[in-house]
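Q: I should like a close look at a single part of this protein, followed by an account of some other parts of the chain. Please keep the description to what the model itself shows.

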Amino acid sequence: MAPGMDNTTDSGSSSARRSRSGSPDLIASNAGTALPYATRSALHLKGLVPSGVENFAVQEQRALEQLNMKSTNLEKYIFLSWLRSTNINLFYRLVLHNLKAIAPVIYTPTVGQACQEYSHIYPFLAPPNAVDGLYIPLNEVDNIDEIIQNYKESTAEGDEPEITVITDGSRILGLGDLGMNGMGIPVGKLQLYVAAAGLNPDRCLPIVLDFGTDTEKYLEDPLYLGIRQHRPKDEAFYAAANRVIEALHSAFPKMFIQFEDFSTDHAFGLLDHWREKALCFNDDIQGTGCVVLGGFISAVSQAGIPAKDQRILFVGAGSAGVGVAKQLVDYFIIEHKIPEEQAKAMFWFVDSRGMITANRGDKLAQHKVYFARQDNGNTQCKSLEETLEYVKPTALIGLSTIHKAFSEKILTRLNEMNSTARPIVFPLSNPDTKAECTFEEAMRCTNNRVLFASGTAFPEYTIPGTQDVVVPGQANNLYCFPPIGLGAVLSKPVWITDTMIFAVAKALANSLSKDEKALGELYPRIERVRETSAQLAAAFVHQAVREGLARDDKWIALVKANPTTSATSKSPDGTYSSAVLDEVRRYMWLPAENYEQLKNSLPHYHHHPAVSHAGSEKL
């Protein structure tokens, strides 16, 4: 149920449990001190709360004051989690009005620490017995139907989930196997779906598969809340994971499923198995590739050499790295008409053993085989330094989780190798303690010529002498996964194709404002993320209809009635019509701005009266 829906029920109602508040009414719990005096009387709250009646802006001011008083980001995380659990409307007002400051608290980098401490802070994130998602232990997989039914009974009638983010905690960010503690990732990710793309918060379902952990620290921690056993072998893992997904797909057949932070082999295995069977997506593989592609398109246009002459060296060959590279290959094939084998030959990979080649002498993981070099003869490079000298790359992309892997020596040599073109440096590992280099290091070592995008946020850099301030690009998945989710929820494609993802990346590159382009930036400012999310979701919907895979009649009819210039082609050019964009904006959820709006607003993607068809927001 949306925060604005009027549904007065007793304190034992499903809506009250869903809002995780002790208040006798969902409206009351989200109105808080803004609840009118007459309504307090009707709800028998007279004398039970302070007499002052405030507006939502004052509530927001108080919440921001309290947030800023917290001395650490983890304390801020705990405060915000409790606020979301008790007053979801105020929480999202605070997030939307302070997104640049709060996004790093509710997600990376702070969510990494929150996950590491999750079992220790869990009781303080929400009131007791709050329902915030599904915790599915390995030994309860046979009871998955009962677990899903329990979840249904805890929600308001009609609040069937439209989207889930599911993890097993085996590869959380760059922090490794955190077991059940990884639940912080689905929770945080879904908050960004709501904030950035207007997914309805009451129709979001975070899930952790508590299949054990191989991290002894947690198995020995007396406060650890997950099952205390090592992870199952592959056969048992896939049997259990597939049983869960089958049950979820059966219970909620239209639900969009996002796989998140699974180990590399399992990430590819689950996506390969389910991709054409259910509406699903892996942000580590497809989302990271999408956002990097969007920035890379912008970087190539500014690099000063033809696209066909790019030589791209990846450091790190996990699911994210290979996923990114495959999408860049598709870009060169589709956009620049380069044959696949020639496009693939523009890429080199370095892993812990050195440059990946077909004749290196070790058994390569299956996902590495595609990019294994076969033209190296007897040359084997054992390190990044050796590979750099061998490849002489124009672009260096890091997804290694190795802090400072791009040393000053590496960056300086890259700059020397690209004296007539601007070098591209994308250190994409998260959090900042795993980043391959900082923005300042990249600027200093390339004489301020670098085309830069990172996975984590870095501060602006002031160029000595000129005092010019340069804003670093951040290849933040926040630009792509929310609009992909929104576009999928709206158009309901049979499955999500590579060309739908490509259309979103093209739309991201096209979304830069004139000012952003003039400054040489690779991504739009994060403050515009709701605007860009609407544009990217509209591009996704158009592409899903073009490919004949959309299943929602309304969106099919709207796209066909408002074709773009490429309507006769299935080529993913990232275009969209103003009519589709306006309708996407209309469906994006927003928190209420006052009590009357909270009381009268409709649930499930119906916008508030303050939102115009042009998407302007009076918040």
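Against which helices and strands do the buried residues of H20 pack?

A: The model is a predicted one. In it, the buried residues of H20 pack against two kinds of element: the helices H19 (384-391) and H21 (439-445), and the strands S9 (395-398) and S10 (424-427). Helix H20 itself runs over residues 408-417, and its buried residues are Ile410, Leu411, Leu414 and Asn415. Viewed down the axis of H20, these residues fall within an arc of 135°, so they line one face of the helix. A general property of helices is relevant to this pattern: an α-helix has 3.6 residues a turn, so residues three or four places apart point the same way.

The surrounding region has a record annotation. An unreviewed UniProt entry lists residues 285-545 as "domain: Malic enzyme NAD-binding". Over residues 285-545 the chain is 45% helix and 11% strand, and the C-alpha atoms at the two ends are 23 Å apart.

Two strand residues may be considered next. Ser454 is found in strand S11, which spans residues 451-454. Ser454 is buried, with a relative accessible area of 1%. Leaving aside residues up to four places away in sequence, Ser454 touches Pro427, Leu428, Gly473, Gln474 and Ala475.

Phe347 lies in strand S7, residues 347-351. Its relative accessible area is 0%, and Phe347 is therefore buried, the limit for that term being under 20%. With residues up to four places away in sequence again left out, the contacts of Phe347 are Ile312, Phe314, Ala325, Leu328, Val329, Phe332, Phe371 and Arg373. Between the C-alpha atoms of Phe347 and Lys277, which are 70 residues apart along the chain, the separation is 31 Å.

A further annotation concerns another stretch of the chain. UniProt, again in an unreviewed entry, places "domain: Malic enzyme N-terminal" at residues 84-275. Over residues 84-275 the chain is 47% helix and 10% strand, with the end C-alpha atoms 32 Å apart.

Helix H7 covers residues 99-106, and its buried residues are Leu99, Ile102, Ala103, Val105 and Ile106. They cover an arc of only 165° around the axis, which puts them on the same side of H7. Lys100 and Ala101 are exposed and sit on the face of H7 turned away from its buried side. The cover over the buried residues of H7 includes the helices H4 (56-69), H5 (73-86), H6 (88-97), H8 (110-116), H11 (184-197) and H25 (529-546).

Ile106 leads on to a cavity. The structure holds 4 cavities of 30 Å³ or more, and the second largest cavity contains about 50 Å³ of space. Its lining is formed by Tyr77, Leu80, Ser81, Arg84, Ile106, Val187 and Gln191. H5 supplies the largest share of this lining, 4 residues, and H5 and H11 each supply at least two residues. By character, the lining of the second largest cavity divides into 4 nonpolar, 2 polar and 1 charged residues. Ile106 thus has two roles in this description: Ile106 is among the buried residues of H7, and Ile106 is one of the residues that line the second largest cavity.

How values were computed
Residues are numbered from 1 along each chain as its sequence is written. This is a predicted model: local features need pLDDT of at least 70, side-chain atom pairs count only at pLDDT 80 or more; totals for chains, interfaces and linings use all residues. Side-chain values use heavy atoms; hydrogens and water are left out. Buried means under 20% relative accessible area, exposed over 50%, partly exposed in between (1.4 Å probe, protein chains only). The arc is that of the directions from the helix axis to the C-beta atoms. Contact means heavy atoms within 4.5 Å. On a 1 Å grid over the protein atoms alone, a cavity is a set of points where a 1.4 Å probe fits but cannot get out, and a pocket is an open set with protein on both sides within 12 Å along at least five of seven lines; lining residues have an atom within 4 Å of a point. Grid points are joined across faces, edges and corners, and a volume is the space filled by probe spheres set on the points. Ala, Val, Leu, Ile, Met, Phe, Trp, Tyr, Cys and Pro count as nonpolar, Asp, Glu, Lys and Arg as charged, and the others, Gly among them, as polar. UniProt positions are given in the numbering used here, feature names are shortened, and annotations may be inferred rather than shown by experiment.
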